[in-house]
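Here are my notes on the model you sent round, set out as numbered points. Please read them with the structure open beside you.

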Amino acid sequence: MADSSNKVSIYAAMAANMGIAIAKFVGASISGSSAMLAEGFHSVVDTANEVLLLYGLKRSELGPDSRHPLGHGQELYFWSLVVAILIFSVGGGFSIYEGIHSFENSEPSSNALISYSVLAIAAVFEGIALIVSVREFNKQRPDNVGFIKAIRRSKDPSSFIVIFEDAAALVGLLIAFAGVFLSQSTGNAMYDGIASIIIGILLIVVATVLVLETKGLLIGESAFPEVQQSIYGIVQSDKAVTKAEHPITLHIGPKDIMVALNIEFQDGLTSDEIEFAVRNIENAIRDTHPDVQRIFVEAAAIRTQEMTPQEI
């Protein structure tokens with residue numbers, strides 16, 4: 001199930017980016033600023049990205065079916081990877097192209113006041129969106145984990161992608177402002193094109209970081225070490241257990257963990273007693289860790305007891 005706080009931050013970012021994109025395009029058409037135009041496309045890409053994240057969240061909520069027995073939780077990871085690729089290719093690529101293309105028509109942009117006004121308004125809205133996304137992320141962050149470490153540890157790309165986008169947008173606005181200012185003060189339009197190229201490089205760097213973060217989730221990441229240790233402790237504490245291997249865990253989705261256990265039970269236990277012990281262990285794990293949705297147990301004692309002399 002998608003966290004509602006993530007949707008709040010995504011909706012806030014999407015609303016801000018839609019309005020900002022329109023303002024940037026109007027400002028670019030009036031002033032002729034390449035950096036402003038690049039920022040406009042940056043906001044369009046960000047708006048499309050929010051739509052894809054919402055779609056990914058919706059798809060990830062679908063339950064298991066015959067073709068997807070573990071559900072659709074990993075769809076969120078797939079669409080997050082698509083978002084990162086869009087930032088890299090469309091956002092970064094177009095900004096660099098526009099900056100290089102502007103060198104062919106190197107005339108200083110006009111109506112600098114319009115450019116400054118649009119950039120200032122955009123900065124206010126992007127700042128509000130960033131504050132909302134950080135606030136919603138902090139609601140899920142453990143008190144004993146720092147902000148940067150929490151982002152690196154997060155299993156939910158829909159939360160940290162929005163933060164990266166909003167932060168990159170604010171830095172991009174600062175770069176665009178510098179490009180417009182230098183172009184106007186020196187009369188050299190190359191600064192505006194250079195600003196556009198720098199914005200493109202910034203987006204490519206951000207996209208690369210997001211790709212690396214999302215890649216690990218997409219190919220499968222285990223639960224946090226403390227969660228694994230806690231599950232191992234629960235298994236070991238059961239009186240019917242004599243030995244247990246370290247649990248294998250896998251995040252199917254941000255709030256969906258699969259656990260595989262290999263447990264050796266005490267000799268002499270009946271099948272009913274082992275079944276009762278397995279049920280107790282599963283209930284204890286789910287009570288302690290609600291995100292654990294699936295538990296698979298391989299019981300060594302069951303396998304041994306069920307083998308007859310003829311089978312041996």
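1. Is glutamate 165 buried or exposed? Bearing in mind that this is a predicted model, the answer is that glutamate 165 is buried, its relative accessible area being 2%, which falls under the 20% limit for that class. The residue lies in helix α6, and, once residues up to four places away in sequence are set aside, glutamate 165 touches Asp46, Asn49, Glu50, Val83 and Ile87.

2. Leucine 182 is also a residue of helix α6, but here the computed relative accessible area is 33%, so leucine 182 is classed as partly exposed. Leaving out neighbours within four places in sequence, leucine 182 has contacts with Gly187, Asn188 and Tyr191. From leucine 182 to alanine 195 the separation is 13 residues along the sequence, and the C-alpha to C-alpha distance is 9.7 Å.

3. How do helix α6 and helix α7 cross? The axes of α6 (residues 157–186) and α7 (residues 190–219) come within 8 Å and make an angle of roughly 170°, which means that α6 is roughly antiparallel to α7, given that angles over 145 degrees are counted in that way. Sorted by class, the contact between α6 and α7 comprises 19 nonpolar, 4 polar and 2 charged residues.

4. Turning to the strands, β3 (residues 256–265) has 7 of its 10 residues buried, and it is therefore largely enclosed by the rest of the structure. Strand β1 (residues 241–244) runs antiparallel to β3 and is joined to it by 3 bridges, with lysine 243 standing opposite glutamate 264 of β3.

5. Strand β2 (residues 248–253) is likewise antiparallel to β3, and 5 bridges join the two; in this pairing leucine 250 stands opposite methionine 258 of β3. The connection between β2 and β3 is a hairpin, with 2 residues between the strands.

6. Which sense does the pairing of β3 with strand β4 take? β4 (residues 292–299) pairs with β3 in the parallel sense, over 7 bridges, and asparagine 262 has glutamate 298 in β4 as its bridge partner. Together with helix α9 (residues 271–288), β3 and β4 make up a β-α-β unit, and this unit is right-handed.

Note on methods: Residues numbered from 1 in each chain as written. Predicted model: local features only at pLDDT ≥ 70, side-chain atom pairs only at ≥ 80, totals over all residues. Heavy atoms only, no water. Buried < 20%, exposed > 50% of the residue type's maximum accessible area, 1.4 Å probe, protein only. Helix = DSSP H or I, 4+ residues; strand = E, 2+ residues; numbered from the N terminus. Pairing = 2+ DSSP bridges. Right-handed = clockwise from strand over helix to strand, strands pointing away. Axes fitted to C-alpha atoms, helices over the stretch in contact; angles between N-to-C directions. Parallel < 35°, antiparallel > 145°, perpendicular 65-115°, else oblique. Nonpolar A, V, L, I, M, F, W, Y, C, P; charged D, E, K, R; others polar. Contact = heavy atoms within 4.5 Å.
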